[in-house]
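Subject: A structure for you to look at

Dear colleague,

I am handing over the structure we spoke about, with the sequence alongside it. Please open it first, and then read the notes below with the model in view.

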Amino acid sequence: MKFPASVLPSVFLFVAETTAALSLSSTYRSGGDRMWQALTLLFSLLPCALVQLTLLFVHRDLSRDRPLVLLLHLLQLGPLFRCFEVFCIYFQSGNNEEPYVSITKKRQMPKNGLSEEIEKEVGQAEGKLITHRSAFSRASVIQAFLGSAPQLTLQLYISVMQQDVTVGRSLLMTISLLSIVYGALRCNILAIKIKYDEYEVKVKPLAYVCIFLWRSFEIATRVVVLVLFTSVLKTWVVVIILINFFSFFLYPWILFWCSGSPFPENIEKALSRVGTTIVLCFLTLLYTGINMFCWSAVQLKIDSPDLISKSHNWYQLLVYYMMRFIENAILLLLWYLFKTDIYMYVCAPLLVLQLLVGYCTAILFMLVFYQFFHPCKKLFSSSVSEGFQRWLRCFCWACRRQKPCEPIGKSDLQSSRDRDETPSSSKTSPEPSQFLNTENLCSA
């Protein structure tokens with residue numbers, strides 16, 4: 001049975017960030033900064049409540065008679081109790097014989113073009129551990145992008161405006177950044193396991209390192225760009241946020257309405273139509289929050305029974321990173337044009353260059369991951385290097401085609417002049433035939 005190691009970082013980041021946020025909010029209160037205190041508490045307690053609801057929903061405790069569990073979740077102690085329950089199940093699993101087991105079938109990664117199907121017995125204890133790991137993974141994603149991401153943006157903005165970084169604030173920002181990166185990493189792993197559910201997926205340690213570096217550069221540069229732009233154009237940042245929010249929030253619903261599919265009713269049997277709508281809106285909100293800071297790695301598909309598109313769309317990935325890079329560049333340009341005196345001792349051109357290079361570094365690590373370390377790269381129809389080679393061939397072909405077409409116009413003009421000047425000369429007769437041959441070659 002696999003050791004539930006992924007539960008520990010989720011619980012640690014949850015407890016550490018909540019404790020650091022409460023401590024920092026008390027510091028703001030003693031200093032008279034009531035607005036910063038309220039926002040810090042909001043971005044700390046709201047994701048806590050959402051994490052409790054997620055754990056209750058995944059384990060279906062709302063329909064079971066477990067009053068102590070509900071009380072612990074109301075006291076915001078649900079993750080600690082779940083962690084204790086996980087390790088109790090793990091250490092007691094070897095002492096009790098499993099009376100009932102289920103058999104799961106998974107296909108191995110293709111070797112030499114062949115893929116074998118293997119059967120595995122899953123006992124009740126292991127099934128419970130799988131449910132716990134899945135619940136904590138989803139809770140980490142919710143905490144990261146609905147709590148840690150706005151918290152990090154807020155604390156960095158306060159540090160820039162006050163031109164001071166206290167110990168408590170730097171600690172909270174560090175924990176928040178780690179929480180976001182870890183949540184993005186779990187989102188990547190969840191996306192891989194959902195898309196390739198019928199395969200036995202094994203993620204190597206180097207793949208985790210590559211994803212961690214990719215997400216660290218991507219999220220850090222995105223947050224810094226937003227904070228710099230907010231510090232000089234506070235009104236316009238609301239417009240940027242609203243455009244991003246409604247674009248990502250409405251996109252899955254527009255695709256659903258255009259598909260003409262019926263409203264999904266099979267999310268949870270105990271949910272009514274209103275409850276299903278609330279769950280779908282919450283999933284769309286989470287999907288929006290992820291995409292506002294980084295690539296979500298999954299595409300929400302409401303008309304699908306799994307609610308996730310299992311096809312890997314390279315075009316959407318390319319469009320997202322191109323548009324995000326252009327947006328970051330425009331925001332940095334506006335910050336450079338309207339920067340105030342608080343950036344007097346900052347080398348603005350160097351900072352802009354560092355942020356753009358940092359975002360390009362994130363894209364580089366992403367390409368390295370998909371090319372070398374993706375656990376299911378053998379199932380791709382085309383790799384990153386093959387796509388880049390095709391693009392390079394098309395670009396070179398377009399350049400070569402354009403070069404022979406340029407002298408054609410000159411030869412045509414020269415031949416017409418020669419015909420006007422010496423219409424009866426025999427020296428000009430080869431010119432039209434040569435031009436026709438070149439024109440046919442270019443059109444071909």
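A good place to begin is the meeting of two helices, where Val51, Gln52, Leu55, Leu56 and His59 in α2 touch Gly78, Pro79 and Arg82 in α4. Please keep in mind throughout that this is a predicted model. Sorted by class, the residues of this contact of α2 with α4 are 4 nonpolar, 3 polar and 1 charged. Two packed helices are described by the angle between their axes and the distance between the axes. For α2 and α4, the angle is about 40 degrees and the axes are 9 Å apart, and that makes α2 oblique to α4.

Helix α4 also packs against α3, which covers residues 67-74, and here the two axes come within 7 Å and cross at roughly 135 degrees. Because angles over 145 degrees are needed for roughly antiparallel, α3 and α4 are described as oblique to each other. On the α3 side the contact is made by Val69, Leu72 and His73, and on the α4 side by Gly78, Phe81 and Arg82, which by class gives 3 nonpolar, 2 polar and 1 charged residues.

A further partner of α4 (residues 78-92) is α1 (residues 7-30), and their axes come within 10 Å and cross at roughly 160 degrees. These two helices are therefore roughly antiparallel to each other, and their crossing is left-handed. The residues that meet are Val7, Leu8, Val11, Phe14 and Val15 of α1, together with Pro79, Leu80, Cys83, Val86 and Phe87 of α4. In this contact of α1 with α4 there are 10 nonpolar residues, with no polar and no charged ones.

Turning to the aromatic rings, the count comes to 20 aromatic pairs. In one of them, the rings of Trp36 and Tyr157 have their centres 6.2 Å apart and their planes at 75 degrees, so the pair is edge-to-face. Since Trp36 lies in helix α2 (residues 34-59) and Tyr157 in helix α5 (residues 124-162), the pair ties together parts that are 121 residues apart in sequence.

There is also a record to compare with the model, since the unreviewed UniProt entry places the feature "transmembrane region" at several stretches, among them residues 167-185 and 235-258. In the model, residues 167-185 are 100% helix and 0% strand, with the end C-alpha atoms 27 Å apart. Residues 235-258 are likewise 100% helix and 0% strand, and for this span the end C-alpha atoms lie 34 Å apart.

Finally, you may wish to find Ile240, which is in helix α8 (residues 234-259). Which residues does Ile240 touch, not counting those up to four places away in sequence? They are Phe229, Glu327 and Leu331. Of these, Leu331 is 91 residues from Ile240 in sequence, although the two are 9.6 Å apart in space, C-alpha to C-alpha.

With best wishes

Note on methods
Residues numbered from 1 in each chain as written. Predicted model: local features only at pLDDT ≥ 70, side-chain atom pairs only at ≥ 80, totals over all residues. Heavy atoms only, no water. Axes fitted to C-alpha atoms, helices over the stretch in contact; angles between N-to-C directions. Helix = DSSP H or I, 4+ residues; strand = E, 2+ residues; numbered from the N terminus. Parallel < 35°, antiparallel > 145°, perpendicular 65-115°, else oblique. Left-handed = near helix turned anticlockwise from the far one by under 90°. Contact = heavy atoms within 4.5 Å. Nonpolar A, V, L, I, M, F, W, Y, C, P; charged D, E, K, R; others polar. UniProt positions renumbered as here; feature names shortened; annotations may be inferred. Phe/Tyr/Trp six-rings, centres within 6.5 Å; stacked < 30°, edge-to-face > 60°.
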